Amino acid sequence: LRQLVEQAKKTSSKLAEINFIDQDFLEVILKLTDAEQMANFIAHRFPLSAAEQQSVLKAPSIEGRLQKVVEMLNTLAKTLQKKAGEKDKEAEKDFEDLKAKIEAADMPPHAKETALKSFKKLSTAGPLDHDGPKIRAWLEWMTELPWSKRSEDRLDVKKASEILDRDHFGLDTVKQRVLEFL
């Protein structure tokens with residue numbers, strides 16, 4: 001029984017490391033020494049289906065209950081670690097794609113240098129970093145700008161006045177300033 005109790009504690013610690021259970025819940029599990037209390041506590045408080053909880057509670061012996069709990073915890077830990085590994089691979093591919101976009105964009109040297117510094121900051125940021133989504137959005141925006149594309153300027157003030165009058169009712173002062181700029 002002691003060995004099963006230790007296995008349950010060890011697997012619960014693994015689940016806490018991948019943030020599936022919180023530290024308070026883990027502390028309670030780690031303090032339990034009685035096998036029956038541990039099996040009942042985990043079966044009752046752990047996010048198991050009703051059928052899984054019943055199968056644990058219907059086990060004829062304390063050892064059987066704890067064995068089922070340990071098996072379920074191990075299965076859950078393996079599944080979650082596999083999913084975490086898949087997510088890590090996806091995140092790594094996303095980072096590689098973003099870096100390739102930065103390299104492929106025809107940014108001026110100072111803009112590319114700034115983008116690469118921001119990329120480095122993003123790649124070292126943790127998943128709970130509040131700046132991560134902002135940096136990523138900015139980098140995506142930077143890669144989408146038409147850095148090397150040029151358009152021919154059309155500085156026909158009369159045509160601009162017609163377009164402003166047609167598309168923007170009122171705002172005479174603003175329209176006058178735009179025309180002065182042109």
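This report covers the fold, dimensions, surface and one backbone feature of a predicted model.

## Secondary structure

The chain contains nine helices and zero strands. Its order along the sequence is accordingly written α-α-α-α-α-α-α-α-α.

## Dimensions and contacts

The radius of gyration of the chain is 30 Å, whereas a compact globule of 182 residues would have a value near 16 Å. The C-alpha trace covers about 90 × 40 × 25 Å along its principal axes.

Contacts between residues at least 6 apart in sequence were also sorted by separation; 53% of them join residues at least 24 apart.

## Burial, surface and charge

Buried residues make up 27% of the 182 in the chain. The exposed area of the chain is about 13500 Å², and 53% of this area is supplied by carbon and sulfur atoms.

As for charge, the chain carries 31 positive and 32 negative side chains. The centre of the positive set and the centre of the negative set are 3 Å apart.

## Leucine 171

One residue stands out in its backbone geometry: leucine 171 has a positive phi, about 50°, although it is not a glycine. Leucine 171 sits in the loop that links helix 8 (157-167) to helix 9 (172-181).

Is the residue at this position buried or exposed? Leucine 171 has a relative accessible area of 52%, and because the cut-off for exposed is over 50%, leucine 171 counts as exposed.

Methods: Residues numbered from 1 in each chain as written. Predicted model: local features only at pLDDT ≥ 70, side-chain atom pairs only at ≥ 80, totals over all residues. Heavy atoms only, no water. Helix = DSSP H or I, 4+ residues; strand = E, 2+ residues; numbered from the N terminus. Buried < 20%, exposed > 50% of the residue type's maximum accessible area, 1.4 Å probe, protein only. Rg over C-alpha atoms; globule rule 2.2 N^0.38 Å. Contact = heavy atoms within 4.5 Å. Areas by Shrake-Rupley, 256 points an atom, 1.4 Å probe, with all protein chains shown as cover. Lys, Arg positive; Asp, Glu negative; His and termini not counted. Charge placed at Lys NZ, Arg CZ, Asp CG, Glu CD.
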